[in-house]
Amino acid sequence: MTEPDVPAGPATGTASGTEGGAAKPRTVPTELAALAMGVTQATIRKWASRGKLTRYGGPRRAEYDLGELFALARANETE
């Protein structure tokens, strides 16, 4: 007797629906990161160079993780 096929989905994985490992960051370009934070693009680049944000992308296209941006915004609200 064989086991019935059970469809894979969020109910069988973790809360995010993925099997282990870190989730891929949802990134936005510098311009959108600046708009989301209410600062200039230069400020976003400065925060990345100082280690406040992780810079993703290639040499000609910087992108920043939305979750990291929102966490930074929450941390700045409590200060």
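The following paragraphs describe the secondary structure, the strand pairing, the third helix and the nonpolar core of a predicted model.

In the predicted model, the chain contains three helices and three strands, arranged along the sequence in the pattern β-α-α-β-β-α. Of the 79 residues in the chain, 20% are buried. When contacts between residues at least 6 apart in sequence are considered, 41% of them join residues at least 24 apart.

Strand 3 pairs with both of the other strands. Its pairing with strand 1 is antiparallel and runs over three bridges, while its pairing with strand 2, which comprises residues 55-58, is likewise antiparallel and runs over four bridges. Strand 2 and strand 3 form a hairpin, with two residues lying between them. Four of the five residues of strand 3 are buried, and the strand is therefore largely enclosed by the rest of the structure.

Glu63, which lies in strand 3, illustrates this arrangement at the level of a single residue. Pro29 stands opposite Glu63, and Tyr56 has Glu63 as its bridge partner in strand 3. The relative accessible area of Glu63 is 17%, and because the limit for a buried residue is under 20%, Glu63 is classed as buried. Two polar contacts involve its side chain: one, of 2.4 Å, is made with the side chain of Thr27, and another, of 3.1 Å, joins it to the side chain of Arg61. When neighbours within four places in sequence are set aside, Glu63 is in contact with Thr27, Val28, Pro29, Thr54, Arg55 and Tyr56.

Thr30, placed in helix 1, is also buried, with a relative accessibility of 9%. Not counting residues up to four places away in sequence, Thr30 touches Gln41, Ile44, Arg45, Ala62 and Tyr64. Of the elements named here, helix 1 spans residues 30-37, helix 2 spans 41-49 and strand 3 spans 61-65.

Helix 3 consists of the 13 residues 66-78, for which a rise of 1.5 Å a residue predicts a span of 18 Å; the C-alpha atoms at its ends are 19 Å apart, in agreement with that expectation. Its buried residues are Leu66, Leu69 and Leu72. These residues cover an arc of only 125° around the axis, and they therefore lie on the same side of helix 3. Arg74 and Thr78, on the other side of the helix, are exposed. The buried residues of helix 3 are covered by elements that include strand 1, helix 1, helix 2 and strand 3. At the start of helix 3, a side-chain oxygen of Asp65 comes to within 3.3 Å of the backbone nitrogen of Gly67.

The largest nonpolar core comprises 13 residues, and those with the most contacts inside it are Ala33, Met37, Ile44, Trp47, Leu53, Tyr64 and Leu69. At least two residues of this core are supplied by each of helix 1, helix 2, strand 3 and helix 3. For Met37, residues up to four places away in sequence being left out, the contacts are with Ile44, Trp47, Leu69, Leu72 and Ala73. Leu69 and Leu72, both touched by Met37, are among the buried residues of helix 3, and Tyr64, one of the core residues with the most contacts, is touched by Thr30.

How values were computed:
Residues are numbered from 1 along each chain as its sequence is written. This is a predicted model: local features need pLDDT of at least 70, side-chain atom pairs count only at pLDDT 80 or more; totals for chains, interfaces and linings use all residues. Side-chain values use heavy atoms; hydrogens and water are left out. The expected span of a helix is 1.5 Å times one less than its number of residues. Buried means under 20% relative accessible area, exposed over 50%, partly exposed in between (1.4 Å probe, protein chains only). The arc is that of the directions from the helix axis to the C-beta atoms. Contact means heavy atoms within 4.5 Å. A polar contact is a pair of N or O atoms within 3.5 Å; within protein, one must be able to donate a hydrogen and the other to accept it, and residues adjacent in sequence count only if both atoms are side-chain atoms. A nonpolar core is a set of buried Ala, Val, Leu, Ile, Met, Phe, Trp, Tyr and Cys residues joined through side-chain atoms within 4.5 Å. Two strands pair if DSSP finds at least two bridges between them.
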